[in-house]
Amino acid sequence: MKKLLILVSLLLAGFVAGAQELHCNFTSVKTFKAVHKEVKGVGTVTYTAPDHLSMVYSVPEGEYLIIEGNILKNSVAGKAVTVDTSKNALMRKLRNTLLDCINGDYEKAARENDAELTVQQKGAVKTVTLTARKQAVRGYSSIVIDYNAAGHPVRMVMDEFGGIETEFKFLY
């Protein structure tokens with residue numbers, strides 16, 4: 001009987017851990033460094049572990065980034081794209097990096113991006129920085145994520161090798 005109770009307890013703990021959900025508003029600023037242009041955004045984020053993420057913009061209206069398992073859907077400036085990330089290595093890396101950073105698995109994100117990892121705790125905020133070990137044509141040169149005391153991301157800055165920086169602020 002004790003073994004059965006322990007097994008049921010472990011299974012319930014697994015279900016609770018697997019049911020991690022997050023819902024909040026966000027703001028974003030995408031900076032094109034070469035031309036000193038900024039594009040601001042506002043929207044809502046919904047994340048359900050392990051692999052469902054929805055970022056729907058109200059500004060600019062109609063833009064979105066949706067991850068449903070291996071499928072990544074994106075719409076920017078009226079151009080919609082749907083990609084099966086199991087068949088596209090570049091988009092798979094983007095998908096995995098976003099999901100790992102949102103759910104706090106930054107060590108995995110650092111490994112997959114061949115990045116140096118630094119973690120600093122200042123009060124209730126944990127700042128995680130991933131810095132690429134090598135220059136590349138595509139991908140992220142650095143990613144900085146601030147997590148609150150509950151382990152939820154409150155700010156994420158993604159700096160691409162191509163000169164585009166995107167800062168997200170998550171508002172709970």
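**Questions about a core and a cavity**

Reader: Let's start with Met 156. In which strand is Met 156 found?
Author: Happy to help, and keep in mind that this is a predicted model. Look along the stretch of residues 153-160, which forms a strand. Met 156 is found within this stretch, strand E10.

Reader: Is Met 156 buried or exposed?
Author: The relative accessibility of Met 156 is 2%. Buried means under 20%. Because 2% relative accessibility falls under that cut-off, Met 156 counts as buried.

Reader: Which residues does Met 156 touch, not counting residues up to four places away in sequence?
Author: Some of them lie in the 89-103 stretch, helix H2, and Met 156 touches Leu 98, Cys 101 and Ile 102. Met 156 also touches Ile 143, Val 144 and Ile 145. The list is completed by Thr 166, Glu 167, Phe 168 and Phe 170.

Reader: How many Å separate Met 156 and Phe 168, C-alpha to C-alpha?
Author: Along the sequence, these two residues are 12 residues apart. In space, the distance from C-alpha to C-alpha is 5.1 Å.

Reader: Which residues have the most contacts inside the largest nonpolar core?
Author: This core has 32 residues. Helix H2 gives the largest share of the core, five residues. Those with the most contacts inside the core are Leu 130, Met 156 and Phe 170.

Reader: What is the volume of the largest cavity?
Author: The count comes to one cavity of 30 Å³ or more. The space in the largest cavity is about 40 Å³.

Reader: Which strand supplies the largest share of the lining of the largest cavity?
Author: Strand E8 (125-132) and strand E9 (140-147) each supply at least two residues of the lining. Leu 130, one of the core residues with the most contacts, is also among the lining residues. The largest share, four residues, comes from E9.

Reader: How many residues of that lining are charged?
Author: Among the lining residues are Asn 113, Ala 115, Thr 131 and Tyr 140. The lining divides into five nonpolar and four polar residues. The number of charged residues is therefore what remains in the division, and there are no charged ones.

Reader: Last one: with which side chain does the side chain of Asn 96 make a polar contact?
Author: Asn 96 has its place in helix H2, and at 14% relative accessibility Asn 96 counts as buried. The C-alpha atoms of Asn 96 and Ala 109 are separated by 7.3 Å, although these residues are 13 residues apart along the chain. The polar contact, at 3.4 Å, joins the side chain of Asn 96 to the side chain of Glu 112.

Definitions and conventions: Residues numbered from 1 in each chain as written. Predicted model: local features only at pLDDT ≥ 70, side-chain atom pairs only at ≥ 80, totals over all residues. Heavy atoms only, no water. 1 Å grid on protein atoms, 1.4 Å probe; cavity = no way out; pocket = protein on both sides within 12 Å on 5 of 7 lines; lining within 4 Å. Points joined across faces, edges and corners; volume = space filled by probe spheres on them. Core = buried A, V, L, I, M, F, W, Y, C linked by side-chain atoms within 4.5 Å. Buried < 20%, exposed > 50% of the residue type's maximum accessible area, 1.4 Å probe, protein only. Contact = heavy atoms within 4.5 Å. Polar contact = N/O pair within 3.5 Å; in protein donor to acceptor, adjacent residues only side chain to side chain.
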